[in-house]
Number of protein chains: 2
Amino acid sequence: MPRTLTRKQRERQEREARILELGRTMLSEVGYLGLSMDRIAAEMEYSKGTIYQHFCNKEEIILALANEALEKRLQMFEQAATWPGRPRERMAAIGAAAEEFVEHYPQHFAVEQIVRSASIWEKTSSQRQEFMHSCESRCLHIVSGVVRDGLAQGDLKLPAGRTPEDLVFGLWSLNFGAYTILTSSDSLGDNGISDPVLALRQSQHRMLDGYGWQPLSQELDYMALMDQVKNEVFRDA
Amino acid sequence: MPRTLTRKQRERQEREARILELGRTMLSEVGYLGLSMDRIAAEMEYSKGTIYQHFCNKEEIILALANEALEKRLQMFEQAATWPGRPRERMAAIGAAAEEFVEHYPQHFAVEQIVRSASIWEKTSSQRQEFMHSCESRCLHIVSGVVRDGLAQGDLKLPAGRTPEDLVFGLWSLNFGAYTILTSSDSLGDNGISDPVLALRQSQHRMLDGYGWQPLSQELDYMALMDQVKNEVFRDA
DNA sequence: GTCAAAAATTGACGACGTGTCAATAATTCC
DNA sequence: GGAATTATTGACACGTCGTCAATTTTTGAC
């Protein structure tokens, strides 16, 4: 047989993909609590036992979805980091990728939030945990690489004792926090925050300005650049 | 009767306080999923029905705890905002308050995260929801007030069309995101982020520097100032 | 002090969820 | 064709939520 997978194995994979597909939909529609193995089984027209053959608990499904999300974002970051231009422009491109990710795969972002909050972690296999760590780590590495390029070119200086990763941690926190608040608060407008996504962009760029990262945002229109990146790099998505 | 509350009413209040106390402990020990009305009832040596007299579901308990947390932080922010000094120093004082809050009431912060992620919101009474919004709003107002003071004194300028609230949104996101990541990730150290709390401080100050807010962090040691605020204002806590 | 009305408390119950596993059905391969 | 292997099933034990009729306790009028 020249095939690497038997028919059985392919069917199994397809079914697993269907479970994840359904899981993602359910998760974004009814949340973590609404996601039930019983309902997945009913919807798929398989018995519960069969579903448990694939994922030994709810949380495994969720972490598998989170891993898909992280992989997707990693890929988008890798693409964004190749943007031609000075390091600071590439940072803006990554910012655009982060924005695009949340906008285009809202369920993916929702899964990330869930994994960070509910006590899902303990119930999952170390294999998937390691995969998640690895994605996170590589993602961080891409961004800190751009910071290192900026440092090498003398475009910015870090305070004594601070690493590129510390700077990235700030950007990461800012992004994660902003989108978490954004998706879980319906009263931002009432509090004078009419365009939180724009506010997030500004905050990011002001932060980089604060590190003295050239060219500063007075010299270059990063808002326009980010729109351009979203149009040119991620237009097909 | 000179008393405003009857014995019955006082007993009721005390029991309610005990429920919340127990709820807070359980929540931080076993998480949202581990918190069960059955267990609360057993632990309190009352029947389930009695507990339901106080809170008509799990989520109400959690939101009540969240409200306590928000009230506590509001109080700390109010205190911090009275710090004598220029607006930017008062911002640093508020940053110190935020830090102190998370460190000193970790369960409180954990509750906030839970409310923002799990689908708790829909199941709760509008009364508690409004209280939460009100706390949030007042908290924001304190901080944006300091920004307005800074603007009035000419210490910073905002980009065209941006409100003080947009700036505060950035700081809020940064803080919330950082502490969320911090408490839900055990691999930060492996990724070169050895002191995330310090990284958060830096990020905040760089962001304010980016807005050109005087005095800049090169001119004034905000790290020392924050430590001082924590020692002098929040020493007793 | 007595006792009926009101209020508080109880816990069995139905509905639903998880994860298991002996029984059953389908598939493989000799 | 049929024994061995593998896949699938769904009843089951257990746990949780929120309800509500039944029971106990408290109240206050006499």
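**Two chains and a DNA strand: how do we know?**

The contact between the chains takes 48 residues from chain A and 47 residues from chain B. Keep in mind that this is a predicted model.

User: What makes those residues count as part of the contact?

Analyst: Contact means heavy atoms within 4.5 Å. On that test, chain A supplies 48 residues and chain B supplies 47 residues.

User: How much area is buried between chain A and chain B, and what share do carbon and sulfur atoms give?

Analyst: About 4,200 Å² is buried, with 61% of that from carbon and sulfur atoms. On the chain A side, α1 (7-34), α6 (106-117), α7 (126-152), α8 (164-184) and α9 (196-210) each supply at least two residues. The largest share, 13 residues, belongs to α8(A). Sorted by class, the side of chain A that touches chain B has 20 nonpolar, 18 polar and 10 charged residues.

User: How many salt bridges are there between chain A and chain B?

Analyst: Zero! To score one, you'd need a side-chain nitrogen of Lys or Arg within 4 Å of a carboxyl oxygen of Asp or Glu. Polar contacts are another story: 11 residue pairs are in polar contact between chain A and chain B, both at pLDDT 80 or more.

User: Why is the relation between chain A and chain B called a two-fold axis?

Analyst: Look at the move that superposes chain A on chain B: a rotation of 180 degrees with 0.0 Å of shift along its axis, at an RMSD of 0.1 Å. That is the relation of a two-fold axis, so the name fits. The same surface serves both copies, too: 98% of the contact residues of chain A recur in chain B.

User: Now the DNA. How do you know that Lys48(A) makes a polar contact with DNA strand C?

Analyst: Check the distance against the cut-off. An N or O atom in the side chain of Lys48(A) is 2.3 Å from a base oxygen of DNA strand C, and a polar contact needs such a pair within 3.5 Å. Therefore this pair qualifies.

User: Which atoms of Tyr52(A) and Ser47(B) approach a phosphate oxygen of DNA strand C?

Analyst: For Tyr52(A), an N or O atom in the side chain is 2.9 Å from a phosphate oxygen. For Ser47(B), a polar backbone atom is 2.9 Å from a phosphate oxygen. Elements giving two or more residues to the surface near DNA strand C are α2 (37-44) and α3 (48-54) of chain A, together with α3 (48-54) of chain B.

User: Which classes of residue make up that surface near DNA strand C?

Analyst: Four nonpolar, six polar and six charged residues.

Methods. Residues are numbered from 1 along each chain as its sequence is written. Chains are lettered from A and ligands numbered from 1 in the order in which they are written. This is a predicted model: local features need pLDDT of at least 70, side-chain atom pairs count only at pLDDT 80 or more; totals for chains, interfaces and linings use all residues. Side-chain values use heavy atoms; hydrogens and water are left out. A polar contact is a pair of N or O atoms within 3.5 Å; within protein, one must be able to donate a hydrogen and the other to accept it, and residues adjacent in sequence count only if both atoms are side-chain atoms. Helices (H or I, at least four residues) and strands (E, at least two) are DSSP runs, numbered from the N terminus. Ala, Val, Leu, Ile, Met, Phe, Trp, Tyr, Cys and Pro count as nonpolar, Asp, Glu, Lys and Arg as charged, and the others, Gly among them, as polar. Buried area is the accessible area (1.4 Å probe) that two parts lose on being put together, summed over both. Copies are superposed by least squares on the C-alpha atoms of residues with pLDDT of at least 70 in both.
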